[in-house]
Amino acid sequence: KENIPSDIICAYLDYMPKIAPDATIALISNAKVLFNTNPISQKFKHKLFTENSVDAIINLSVVRDVIFENASAPAAAILYRKRKQSDEPKDYVIYCVPKNDIVIKNRKAIVIDASDIKFIPLTEILKKDSKVFKIAMWGNIRDSALIDKLNRYGPLEKKISPTEHGMGLIKDKSAKKKGNPHLANHYFLKTSNIVPYYTTKKGLSKLGEQQEYRTDNRNLYSPPLVLFKEGTSEDAVCSSYINFK
């Protein structure tokens, strides 16, 4: 009847202000209520944040296994009350994400650092496909603005013509497998030599100095290049700009 997601906590979040219109309500919810971006979840989120005055959200996802025994689903505490016409307009929500699970475990108390608290504009929360709650877990509103800007450019593969550079190491079955002469002056770059942001040719040898297996897609090895790799020492994705052959 209310056209809300088929999740019992959504029913509780929606129903409580109707039976306790003058109360401040605090409910432990699953954090998916904040993160889901499918159409019905977006409508519910819009309803929750426009029909009610949400004071604060404490996202317990990072420390859920410390606070809740055997917990697997991420949890969040939502503090809110039914919005009234006499209420002062509120343009932000306090968002808190405790992260120091070691201290919480040792002290048997939830410890909140100043960096764990964010003030999220209501306009960001109400945006279509908003991922601000997920971004603000570890980042801030500037990270959200950067991601929005990058999303406006569209996927990288749509910006690159396959006849120019293409993406990935494309196999050319007709290519000579060893000693392609036109690649002799190209540098041989091992993945271990790729560093974040920009990679130099310092310490690299040329292919003409060794017999390495290479495919014959010439443009794929000509600058400018952007290389991506997984599994750096920081266990993160690494991207690097290359301006040499």
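**Close-up 1. Strand 8 and the strands that pair with it.** In this predicted model, strand 6 (residues 197-198) and strand 8 run parallel and are joined by two bridges, with Y198 having Y241 of strand 8 as its bridge partner. Strand 7 (residues 225-229) also pairs with strand 8, here in the antiparallel sense and over five bridges, and the bridge partner of V226 in strand 8 is Y241. Y241 is thus the partner of Y198 and of V226.

**Close-up 2. Alternating side chains along strand 8.** Strand 8 spans residues 238-242, and its side chains alternate between two faces. C238, S240 and I242 point to one face and are buried, whereas S239 and Y241 point to the other face and are not buried.

**Close-up 3. The five-stranded open sheet.** Five strands, in the order 1-3-2-4-5, form an open sheet whose pairing is mixed. Strand 1 (25-30) and strand 5 (117-121) are the edge strands, each of which pairs on one side only. From one strand to the next, the twist averages 25°. Strand 4 and strand 5 run antiparallel and are joined by five bridges, and within this part of the sheet C96 stands opposite I117 in strand 5.

**Close-up 4. The largest cavity and its lining.** One cavity of 30 Å³ or more is found when the whole structure is searched, and the largest cavity holds about 50 Å³ of space. Its lining is formed by F49, N52, S53, V54, R83, K90, Y92, V93 and L122, which by class amount to five nonpolar, two polar and two charged residues. Strand 2 (52-59) and strand 4 (92-96) each supply at least two residues of this lining, and the largest share, three residues, comes from strand 2.

**Close-up 5. Two separate nonpolar cores.** In soluble globular proteins, nonpolar side chains tend to be buried together. The largest nonpolar core in this model has 27 residues, of which L13, F49, I57, Y80, Y95, I125 and F133 touch the most other members. Helix 7 (residues 132-138) gives the most to this core, contributing four residues. Apart from this core lies another one, of five residues, including L183, F188, L207 and Y221. F49 appears in two of these views, since F49 is listed among the residues that line the largest cavity and also among those that touch the most other members of the largest nonpolar core.

How values were computed:
Residues are numbered from 1 along each chain as its sequence is written. This is a predicted model: local features need pLDDT of at least 70, side-chain atom pairs count only at pLDDT 80 or more; totals for chains, interfaces and linings use all residues. Side-chain values use heavy atoms; hydrogens and water are left out. On a 1 Å grid over the protein atoms alone, a cavity is a set of points where a 1.4 Å probe fits but cannot get out, and a pocket is an open set with protein on both sides within 12 Å along at least five of seven lines; lining residues have an atom within 4 Å of a point. Grid points are joined across faces, edges and corners, and a volume is the space filled by probe spheres set on the points. Ala, Val, Leu, Ile, Met, Phe, Trp, Tyr, Cys and Pro count as nonpolar, Asp, Glu, Lys and Arg as charged, and the others, Gly among them, as polar. A nonpolar core is a set of buried Ala, Val, Leu, Ile, Met, Phe, Trp, Tyr and Cys residues joined through side-chain atoms within 4.5 Å. Buried means under 20% relative accessible area, exposed over 50%, partly exposed in between (1.4 Å probe, protein chains only). Two strands pair if DSSP finds at least two bridges between them. Axes are lines fitted to C-alpha atoms, for helices over the stretch in contact, and angles run from 0 to 180 degrees between N-to-C directions.
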